Structures are given as structure tokens and as C-alpha cells.
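Hi,

Here is the structure I promised to pass on. Have a look at it first, and then read my notes underneath.

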Amino acid sequence: MTDTTKILTIQDISCYGQCSITVALPIISSFGIETAILPSAVLSTHTSGFKDYTFRDLTEDLPAILEHWEKEEIYFDAIYTGYIGSIKQLDYIKDIIESRLKDGGQVYVDPAMADFGEFYYGFDQEFADKMGELCKLGDYILPNTTEACYLLHKPWKPEFTKNEMLEMAEQLKEFTNRYVILKGDNHTKDKLGMIVLDKQDSFDTQIVYNDRIDYVTHGTGDVFASSFVGASVLGNSPCKSAKFAGEFTKKAIEETIGDPTHTYGVKFEKVFPFLYEWLKSQQ
Ligand code: PXL
């Protein structure tokens with residue numbers, strides 16, 4: 001990371017609902033990293049738990065934005081993709097990565113398309129297969145178990161054994177250039193784990209644990225991915241970044257639990273003091 005490090009995040013703007021760009025932009029910026037955005041769509045709210053939301057697909061804006069950035073010679077040190085508005089966008093995003101990522105730049109793909117055994121509204125297996133192609137351009141992929149199962153054409157279940165999780169991470173090697181961060185290892189009672197696998201060094205596969213909170217809410221995947229990307233772009237190892245992101249997300253959930261009106265996202269804004277303390281302790 002240098003003073004000029006720039007990251008691009010490609011995902012939707014859900015105007016209300018604490019997910020996607022409204023989470024990624026403040027969190028990654030808080031690491032001191034310049035964050036550019038490319039909205040894949042604009043929605044009045046996210047699609048989980050709200051009805052009759054608006055959805056403006058920005059697919060056809062992407063080629064013109066890329067052309068302009070090419071003229072302006074705008075490049076990025078890292079590109080992080082999340083919720084994508086249409087299957088066609090996945091091709092445009094490949095073009096953007098090929099054209100705008102600096103040599104040696106890192107790609108983070110969160111295949112944000114499903115959770116709890118189901119696709120988010122509007123996604124299907126055809127999309128998942130195409131998302132698998134985007135994952136293959138990723139240096140880091142960040143699926144939950146549902147997304148992993150759709151990528152691998154495997155049946156999902158609410159709980160996998162430790163060995164099943166390790167096996168699934170191993171199978172996901174096909175869908176990454178380097179690292180698999182498989183979320184949602186819930187086989188122990190009071191810990192939530194992530195499998196962190198390095199394709200170049202299978203002996204180095206680790207499970208990173210955080211305390212588990214049994215509270216289901218929306219938007220934690222985006223909070224986790226954004227804080228992971230921030231920590232990783234600063235130069236931290238995948239395990240250290242996953243540990244920090246797990247802790248940051250857990251604290252955001254803790255801030256939210258007592259408020260029954262707040263079921264659409266998590267109060268990550270309240271956890272910035274922890275982020276700054278962590279950054280200071282790294283100096
Ligand atoms: O957090 C994932 C996400 C992002 N964006 C939109 C969504 C969802 C999940 O439902 O609907 C629009």
C-alpha cells in the first residue's frame with residue numbers, strides 16, 4: 001500500500017438498507033484507501049425483506065465508463081466485485097479487470113448471489129455458472145456455503161462437518177487464482193469459522209475462528225468482504241485479514257442485536273473506533 005493506492009469496487013447501490021456500495025465505500029475508505037465505485041444497478045432498497053423496490057440496471061453504462069477511463073488512463077491497484085446486476089455485466093466486468101487493473105494488482109470476488117440455501121431474488125444456476133468464470137479471475141474469492149454449493153453444483157445443508165468444509169474449500173480451488181476464503185463453518189457450537197486456503201500451498205490451509213453470535217441479519221457478507229479487502233490491501237495476510245473482518249462483523253452484529261427495528265442490515269458505523277484502534281496497533 002502506498003499513498004496512491006486506489007481500489008475500485010463494483011456492486012450495486014441500494015439507496016437504503018446498508019449493503020453493497022453504501023457499506024464498501026465507508027469501510028474501505030476508513031482504512032485510508034482511495035475507493036472508486038462502479039454501480040452495477042441502483043435500487044431503492046436491497047431485495048431481501050423489502051417489497052416493490054425499484055431496480056435500475058446499469059449494464060449498458062459499463063462499456064462507456066470503461067472507454068472513458070481508458071482515455072483518462074485511470075488504473076486500479078485492486079478491484080473488488082460484489083452484487084452484480086445482470087449476467088451480461090459479468091463479461092463487461094472481465095473487460096474492466098483486464099483493462100484497468102495495474103500489473104500485479106489484486107482481484108477480490110465476492111460472488112454475492114445467495115444465502116441460507118437460496119439464490120437472492122433474480123439469480124439462478126446459469127448466473128452462478130457465469131459467476132464461476134468471474135471467480136476464476138479472482139486472487140481471492142469470498143463465498144458463503146450457499147454460494148460455494150451453487151458454484152460446485154452441490155446440495156446445500158445448514159451445517160457441514162469440518163471435513164466437508166475442508167473438502168469444499170479444496171474443490172473451490174478450481175474457481176480462484178490463489179486464495180479461497182470459505183465462510184460459514186458452523187460445526188462448532190460457539191465459534192464461527194472460515195476456511196482460508198492458498199492454492200499455491202495446500203499444506204497451509206487454516207481455519208480462522210471468531211466467537212459465534214446466533215443472530216440472523218442481512219448485510220453481514222458485505223461488511224465482512226469490505227473489511228477483509230481493506231485489511232488485505234494494506235498488506236495483511238489472508239488469515240489476519242479474515243480474523244479482523246470476522247471480528248469487525250461480529251461487533252457490528254452486537255451493535256445491532258438490541259434494536260428490533262433494525263433487521264435490514266448491521267450498524268457497522270458504530271465499529272469504526274475499533275477499526276482505527278486496530279490500524280493504530282498495526283503501525
Ligand atoms: O448483501 C447482498 C446484496 C446486495 N445487493 C442487493 C441485495 C443483496 C442481498 O439480498 O439484494 C441489491
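**Salt bridges, then the sheet and the cores**

Lys280 and Glu277 meet through their side chains in a salt bridge, at 3.4 Å from N to O. Both residues sit in helix H9 (residues 272-281), three residues apart, which is about one turn of the helix. Lys280 counts as exposed at 51% relative accessibility, and Glu277 is partly exposed at 47%. Before you go further, please keep in mind that this is a predicted model.

That pair is one of 15 salt bridges in the structure. Another one joins Asp211 to Lys250, where the closest N and O atoms are 3.9 Å apart. Asp211 belongs to strand S11 and Lys250 to helix H8 (residues 238-257), so this bridge ties together parts that are 39 residues apart in sequence. What about burial of the two partners: is Lys250 buried or exposed? Lys250 is buried, with a relative accessible area of 12%, while Asp211 is partly exposed at 39%. For Lys250 the cut-off is what settles the label: 12% counts as buried because buried means under 20%.

Asp211 and Lys250 also belong to a network of salt bridges, together with Lys191, Glu247 and Glu254. Lys191 turns up again in the sheet, where it stands opposite Asp211 of S11.

One more pair to look at is Arg212 with Asp214, whose closest N and O atoms are 3.2 Å apart. Here Arg212 is partly exposed at 25% relative accessibility, and Asp214 is exposed at 65%. As general background, side chains of opposite charge can pair when their charged atoms come close.

**The sheet**

Now to the strands. Nine of them make an open sheet with mixed pairing, in the order S3-S2-S1-S4-S5-S8-S9-S10-S11. The edges are strand S3 (55-57) and strand S11 (206-211), each of which pairs on one side only. Helix H3 (residues 87-100) packs on this sheet and touches strand S1 (6-16), strand S2 (34-45), S3, strand S4 (76-81) and strand S5 (101-109). The direction of H3 makes about 145° with that of S5.

If you follow the order towards S11, here is how the pairing goes:

- Strand S8 (residues 140-141) pairs with strand S9 (residues 179-185) in the parallel sense, over two bridges. Ile141 has Val180 in S9 as its bridge partner.
- S9 and S10 pair in the antiparallel sense over six bridges, and a hairpin of five residues joins S9 to S10. Ile181 is matched with Val196 of S10 as its bridge partner.
- S10 and S11 are also antiparallel, again with six bridges.

How many of the eight residues of S10 are buried? Six are, so to speak, under cover, and S10 as a whole is mostly covered. Helix H6 (residues 162-171) lies across S9, strand S10 (191-198) and S11, and runs at about 150° to S9.

**The cores**

The largest nonpolar core has 44 residues. Which of them touch the most other members? Those are Leu8, Ile10, Met113, Met131, Met168, Leu172 and Leu182. Leu172 is a good one to click on: apart from neighbours within four places in sequence, it contacts Ile141, Pro143, Ala148, Leu151, Leu152, Val180 and Leu182. You will recognise Ile141 and Val180 in that list as the bridge partners from S8 and S9. There is also a second, separate core of 38 residues, with Leu142, Tyr179, Val208 and Ala245 among them.

**The cysteines**

How many disulfides does the count come to? The count is zero. Cys19 is in no disulfide, and the nearest cysteine sulfur, that of Cys15, is 10 Å away. Cys19 is buried at 4% relative accessibility. Cys135 is likewise in no disulfide, with the sulfur of Cys149 as the nearest one at 14 Å. Cys135 is buried too, with a relative accessible area of 0%. The distances explain the result, because a disulfide needs two cysteine sulfur atoms within 2.5 Å.

Happy to go through any of this together.

Best wishes

Technical notes. Residues are numbered from 1 along each chain as its sequence is written. This is a predicted model: local features need pLDDT of at least 70, side-chain atom pairs count only at pLDDT 80 or more; totals for chains, interfaces and linings use all residues. Side-chain values use heavy atoms; hydrogens and water are left out. Two strands pair if DSSP finds at least two bridges between them. Helices (H or I, at least four residues) and strands (E, at least two) are DSSP runs, numbered from the N terminus. Contact means heavy atoms within 4.5 Å. Axes are lines fitted to C-alpha atoms, for helices over the stretch in contact, and angles run from 0 to 180 degrees between N-to-C directions. A salt bridge is a side-chain nitrogen of Lys or Arg within 4 Å of a carboxyl oxygen of Asp or Glu. Buried means under 20% relative accessible area, exposed over 50%, partly exposed in between (1.4 Å probe, protein chains only). A nonpolar core is a set of buried Ala, Val, Leu, Ile, Met, Phe, Trp, Tyr and Cys residues joined through side-chain atoms within 4.5 Å.
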